[in-house]
Amino acid sequence: MSLPSQEPQAVDPMPPADAEAIQQAAVQAFVEWTRRLPVPPPNPKDFIRSVEPKARRAARLYSTITERQVVWKDGMTQGTPDVTGLRRRADSVDPWAETHASLRESSLSILACSPCGGKGTVSCPNCSGREFVQCSNCGGSRKAYGYASNGSRRLMNCRSCNAKGMVACPSCRSGQVTCSTCHGRGREQRWLEFVETVRFDFLVMSEEEELRRLVWTKADMEKDAKLVAELNANGVLTQEKVTLHLPEDWVHEHWGKTHIKLKPRERITSQSFQVFEVPAARVSYAIADAPPTTIEFEGQRMLAPPPSADRQFTARGRKVQAVRGLLLALALGIPLLYLLRGAYFWNGLLVFMSVFLGASALLAERFVRDWTLGRKGRARSWGIGAAVSALPVAVLAMLSEPSLQDARLHLSEGRLDDAHTELQALGEPEAPELQQTWADLHLAHALREQRVDEVVKDALAMAPNAPERAKVEQHLLSLTRQQVLASLERKDVASASAVFASAQPVLAEIFSRDLRELSGRIHDTEHAACTTDPCRWEALFAAYTAQPTPGRERLIGQLSTALQEQLTPKPRPKVATLDWVLHLHKTAALATELVDTPHDPQVSVRAQQAVTWVREERERIPLIGAEREVAIALLQLTASSHPNILSKTTESVALSCELRDGRCVGAYLAGADKESRVLNNLKRTPVTKELLSRVLGHPVELPAPPQPRGGKPPTQTTWKDGRVTLVARWNGIYLMELRVGEVKP
């Protein structure tokens, strides 16, 4: 038997009065149920073979079960009464022999507070009773980073704890706090209470075991069955009362199944017994000459079985859906295939083809729907219509195909775009039957085109040894020369280089001599436009490499002599320090650009020597005592954000120079990373040495960690470098900061 679902049908909600009413309700429920199946038939009533009404009886038993647990409750006392101890034990209480009030009165007990032992106070959890906690600013180390009077950030004595590392606990007094359990009273009271939990037991009994498994019998039974009797009892319902409403033999057979297992502290507090009458109907249906299929509808709403209970309509629906998918794929896929083949097919013929194809698919789908229902006559009419609609599709498909003859006609009449579209639709240019036509098309397009990059595309699309490509390459050389020379007359080197670069891949093999001559002219024009010696050097050598000439060779020799003269180290003249530093910067920039040049080994060697000489000369100029402008140049700063401090920060070390009367009188070095200020670790030692050497004007080594004195290492050491005083601050063996000269912390 098929199991009904919980989905109600759109039928008369009133219970059927007789067999005829049940039949009508079942037929209407069958129609609604069929409409939820895939591809339902247009008139489901035509497929019903028989309807068999019937009625069933079912009963329902509700039980309310209450459980009592005895638990202890705690609370605060009023004042400080005498301690009584526990007056009762929880396991000695009968939960159903006492009331809530009597149990509380007999078990109320006064006890000393457990957390504080009756004192009213406990140790402070913040300081553990020690009255002091670690300083949060310095973490107990007594040192914390702060800002000095000159604005620098460094390690200083902690001001929050006065360098003690500990502060008074803010949460307690003398290490004690009030007990949160008794609020300082030292007493607590306890008593016993009942905690009740309620659960419900539900049981369905019927004349047929199948009916007891129906989902609709477990909730809202009144919607699907008629209530004919109901019994209620405070406590357990007796079998004698139930026998009055059901056959005695049935009650004797099933009443033993209503026994409920109770826990030791549970009791049944109420029960309700209901008797229902349930209408039902059995419907048989079939398609054409197939064997009938039977399904059942249950309840006053005629609840239907799930769609999976059907066999005939579902199998027929799957067939129709499969054909629908195939027809839809053809109706959409064929036009899409033509669209993907290229723009050639995007025309009115494709529109008409799509319309006729869609009409043919729709008529074929109607043919399948009627044929699967056994309606052969109507199905033949739809099939003829589908065949007639398919004929124009075949004719239009033939007319839509491209033609090589049409492509040649377009080419002979000068319609190059139409010829290109026709050839693209025919296939790839590599096809043997299309190669000659494609070559003629590219030749015609290249001879008409005045843009170098477009002519290059035409040349690359042709076979290397084709006679048409030789004509295209000759035209490309002429066009390239014309456009390059025109750009050079306008002094537009960038445009000339772009045109030359576009044509070079095609012309390099055959017209290499012409390309070298054009390249030389481009670099000559570039040389004339240069404003710096490195630029002239690069452009002149590029022109000479492209096309060597005596004139270019002579210019290279003159420029090489001039560059070597500029890069040759000279003694410092009697000029201001700032002018000398600027001269060193200029020489360093020139040497850096020429140090890796492969054109002239002598210039490259002189540039390498100049880089070393400039670095040594700059290191001889100390930062201490330098004027403001000189200090800015030595530190290679663009400007200063503070009138009396110059700052330079590398990736790991920060250098600050203090100015007084326009001169640098002191310098301060510290780690650039706020999380770690150590200067003498593996990462920062080389950078710190370089910056300190630049400050003093000669190479120096970092100071060694001081030796402990009296078992404790000093935090500061002082020494002199000539007349300059240096101060180092230490944290054990770690160098934390360096002060050079007259700089304030």
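Q: Which backbone oxygen does the side chain of R684 reach?

A: This is a predicted model, and in it the side chain of R684 reaches the backbone oxygen of V678, at 2.9 Å. R684 itself lies in the loop between β15 (663-671) and α21 (685-696).

Q: Is R684 buried or exposed, and what is it in contact with, leaving aside its neighbours within four places in sequence?

A: A residue counts as buried when its relative accessible area is under 20%; R684 has 5%, so R684 is buried. Leaving aside neighbours within four places in sequence, R684 is in contact with eight residues that can be looked up one by one: S652, V653, G671, D673, S676, R677, V678 and L679.

Q: In what order do the strands of the open sheet of six strands stand?

A: A sheet can be read by following its strands from one partner to the next. Here the order is β13-β14-β15-β18-β17-β16, and the pairing is antiparallel. β13 (645-649) and β16 (716-721) stand at the edges with a single partner strand each, so one side of each has no neighbour in the sheet. From one strand to the next the twist averages 15°. Helix α20 (residues 628-635) packs on this sheet, where it touches β13 and β14 (653-660), and its direction makes about 5° with that of β13.

Q: Over how many bridges do β17 and β18 pair?

A: Strand β17 (residues 724-731) and strand β18 (residues 734-741) pair over six bridges in the antiparallel sense, and W730 stands opposite L735 in β18.

Q: Which residues of the largest nonpolar core touch the most other members?

A: In soluble globular proteins, nonpolar side chains tend to be buried together. In this model the largest nonpolar core has 38 residues, of which L623, L655, L692, L738 and V740 touch the most other members. Among the elements that each supply at least two residues of this core are α18 (577-594), α19 (601-619), β14 and β18, while the largest share, six residues, comes from α20. Leaving aside its neighbours within four places in sequence, L738 is in contact with residues including L692, L702, W719 and V727. There is also a second, separate core of 25 residues, which includes V455, A459, V484 and L507.

Q: Where is S109 found, and what separation do the C-alpha atoms of S109 and R87 have?

A: S109 is found in strand β2 (residues 109-112), and with 0% relative accessibility S109 counts as buried. Although S109 and R87 are 22 residues apart along the chain, their C-alpha atoms are separated by 6.0 Å. Leaving aside neighbours within four places in sequence, the contacts of S109 include T84, R87, E188 and R190.

How values were computed:
Residues are numbered from 1 along each chain as its sequence is written. This is a predicted model: local features need pLDDT of at least 70, side-chain atom pairs count only at pLDDT 80 or more; totals for chains, interfaces and linings use all residues. Side-chain values use heavy atoms; hydrogens and water are left out. Helices (H or I, at least four residues) and strands (E, at least two) are DSSP runs, numbered from the N terminus. Buried means under 20% relative accessible area, exposed over 50%, partly exposed in between (1.4 Å probe, protein chains only). A polar contact is a pair of N or O atoms within 3.5 Å; within protein, one must be able to donate a hydrogen and the other to accept it, and residues adjacent in sequence count only if both atoms are side-chain atoms. Contact means heavy atoms within 4.5 Å. Two strands pair if DSSP finds at least two bridges between them. Axes are lines fitted to C-alpha atoms, for helices over the stretch in contact, and angles run from 0 to 180 degrees between N-to-C directions. A nonpolar core is a set of buried Ala, Val, Leu, Ile, Met, Phe, Trp, Tyr and Cys residues joined through side-chain atoms within 4.5 Å.
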